[in-house]
Amino acid sequence: MLDLLYFVALSLTPCSCWRASADRLRRGLPPRTALELACAKPGTAPGASSRFRALAARVVEAAQSVRATPVTWSDPAYPAALTTIPDPPFVLWIRGSAGVLSTPGVAIVGARAASPYALNVAERLAGDLAAAGLTIVSGLARGVDAAAHRGALKAGGRTVGVLGSGIDVIYPREHEPLARDMEVIGCVATELVPGTPPQRRFFPLRNRIISGLTRAVIVVEAGEKSGSLITARCALDQGRDVLAVPGNVLSGRNRGAHALLRDGATIVETADDVLTELGLSRLDGDTSGSGLNRAPDPILACLIPGESSDLDEIAARSGLSPSRLLPRLFELELQGAVARVGGGRFVRVDRSC
């Protein structure tokens with residue numbers, strides 16, 4: 001409980017402090033020390049640490065009344081994929097299943113004022129990819145986002161909505177029924193404390209979480225200044241794949257996605273294009289994630305039974321990048337060969353015991 005208060009307090013500090021605090025946590029400093037150092041910056045008012053802790057205590061108490069489950073950085077349920085980005089959330093507030101955040105996923109994002117073509121493509125892609133066992137991640141916005149979530153649900157698959165508001169403030173409001181449906185076999189998540197209203201500055205911030213949770217970002221119809229391009233840039237910075245769907249060259253609606261294609265993004269016409277790009281095979285009707293297969297690799301040999309290792313340590317031993325390691329670690333976890341422990345660390349399971 002005490003660590004929870006400090007992690008929530010860290011999330012309440014100015015976002016300009018987050019990356020430095022994340023670096024301190026990665027070095028093994030406890031959240032209490034990270035908070036004290038964040039509040040020791042020149043120009044910070046005296047007693048800031050105490051005020052953030054007091055505010056965090058009120059947040060935690062209020063969260064109980066809105067069915068918000070906090071998942072902190074040190075929690076075994078915290079998605080390991082997010083630990084690899086430069087400024088991961090200190091706390092994720094969840095409604096639904098937290099476990100779905102750690103399943104192999106792709107993001108589908110695009111225009112809010114989307115064309116019928118884009119809505120149809122997003123829904124079809126999401127449904128086919130969800131049926132192949134992937135989790136569909138998006139931002140619960142109007143247009144392409146909502147179509148992707150609905151496509152996954154219609155296929156009986158998992159989907160995650162990342163909010164730019166508090167977990168109890170669904171935006172837009174007409175998507176409240178959609179959010180409730182998503183909670184049944186997926187979840188809605190946010191880094192913002194309960195009660196936080198949607199603000200323009202929050203949406204670019206949440207885009208790094210959408211891409212950070214996934215293996216790849218698929219852009220479906222995006223203009224030249226679309227917020228979806230921010231998600232694509234986050235994906236590139238995080239070592240994720242970027243894919244794009246081509247569109248009508250006469251309407252001008254898809255110039256942003258076409259620019260991505262010119263810069264080397266993979267073209268997507270069907271779900272098989274995505275699976276091929278990610279090196280995954282299809283197993284129709286499998287929504288557990290166990291139907292996603294890759295060639296054997298030496299990951300298990302890099303793990304010592306009973307000794308936990310973080311992604312950087314496993315990467316150094318295996319010669320693979322963290323972004324390439326995560327999918328294989330997820331599969332090994334589903335097979336019962338690997339278990340996740342706190343702080344985004346993994347341990348090999350000795351099946352002889």
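Does V106 count as buried or exposed, judged by its relative accessibility? At 0% relative accessibility, V106 counts as buried, because buried means under 20% relative accessible area. The structure discussed here is a predicted model, and V106 is a useful starting point for reading it, since the residue lies in strand 3. Strand 3 belongs to the subject of the first group of points below, the sheet, after which come the helices, the nonpolar cores and a loop.

**The sheet as a whole**

- Nine strands make up an open sheet with mixed pairing, and their order across the sheet is 1-2-6-5-4-3-7-8-9.
- The edges are formed by strand 1 (69-72) and strand 9 (266-267), each of which pairs on one side only.
- Strand 3 (residues 105-110) and strand 4 (residues 135-138) run parallel and are joined by three bridges, and within this pairing A107 has V137 of strand 4 as its bridge partner.
- Strand 3 also pairs with strand 7 in the parallel sense, here over five bridges, and the bridge partner of A107 in strand 7 is V217.
- Strand 7 in turn pairs with strand 8 in the parallel sense over five bridges, with L243 of strand 8 as the bridge partner of I218.

**Two enclosed strands**

- In a regular strand the side chains alternate between the two faces of the sheet.
- Six of the six residues of strand 3 are buried, so this strand is largely enclosed by the rest of the structure.
- On one side of strand 3 the buried residues are G105, A107 and V109, while on the other side they are V106, I108 and G110, and both faces are therefore covered.
- Strand 7 is likewise largely enclosed by the rest of the structure, because five of its five residues are buried.
- In strand 7, A216, I218 and V220 are buried on one side, and V217 and V219 are buried on the other.

**The surroundings of V106**

- When its neighbours within four places in sequence are left aside, V106 is in contact with L129, L134, T135, I136, V137, T214, A216, I218, V274 and L278.
- V106 and A152 are 46 residues apart along the chain, and their C-alpha atoms are separated by 11 Å.

**Helices that pack on the sheet**

- Helix 5 (residues 116-131) packs on the sheet, where it touches strand 3, strand 4, strand 7 (216-220) and strand 8 (241-245), and its direction makes about 155° with that of strand 7.
- Helix 6 (residues 144-154) lies across strand 3, strand 4, strand 5 (159-162) and strand 7, and it runs at about 140° to strand 3.
- In helix 10 (residues 255-262), the residues G256, A257, H258 and L260 are buried, and the buried residues of this helix pack against strand 7, helix 9 (228-237) and strand 8.
- Helix 10 is followed by G264, which has a positive phi, near 115°.

**A pair of packed helices**

- Two packed helices are described by the angle between their axes and the distance between the axes.
- For helix 2 and helix 3, the angle is about 145° and the axes are 9 Å apart, and the crossing of these two helices is right-handed.
- Helix 2 contributes S21, R24 and L25 to the contact, and helix 3 contributes P31, A34, L37 and A38.
- The residues of the contact between helix 2 and helix 3 divide into five nonpolar, one polar and one charged.

**The nonpolar cores**

- The largest nonpolar core has 35 residues, of which V8, F90 and W93 touch the most other members.
- Two or more residues are given to this core by each of helix 1 (2-12), helix 2 (18-26), helix 3 (31-38), helix 4 (48-63), strand 2 (91-96) and helix 7 (176-185).
- Helix 1 supplies the largest share of this core, namely seven residues.
- Another core, of 30 residues, lies apart from the largest one, and its members include Y78, I85, I94 and A265.

**An exposed position in a loop**

- A301 lies in the loop between helix 11 (271-278) and helix 12 (311-318).
- At 67% relative accessibility, A301 counts as exposed, because exposed means over 50%.
- A301 and S318 are 17 residues apart in sequence, and from C-alpha to C-alpha they are 8.7 Å apart in space.

Methods
Residues numbered from 1 in each chain as written. Predicted model: local features only at pLDDT ≥ 70, side-chain atom pairs only at ≥ 80, totals over all residues. Heavy atoms only, no water. Core = buried A, V, L, I, M, F, W, Y, C linked by side-chain atoms within 4.5 Å. Buried < 20%, exposed > 50% of the residue type's maximum accessible area, 1.4 Å probe, protein only. Helix = DSSP H or I, 4+ residues; strand = E, 2+ residues; numbered from the N terminus. Pairing = 2+ DSSP bridges. Contact = heavy atoms within 4.5 Å. Axes fitted to C-alpha atoms, helices over the stretch in contact; angles between N-to-C directions. Left-handed = near helix turned anticlockwise from the far one by under 90°. Nonpolar A, V, L, I, M, F, W, Y, C, P; charged D, E, K, R; others polar.
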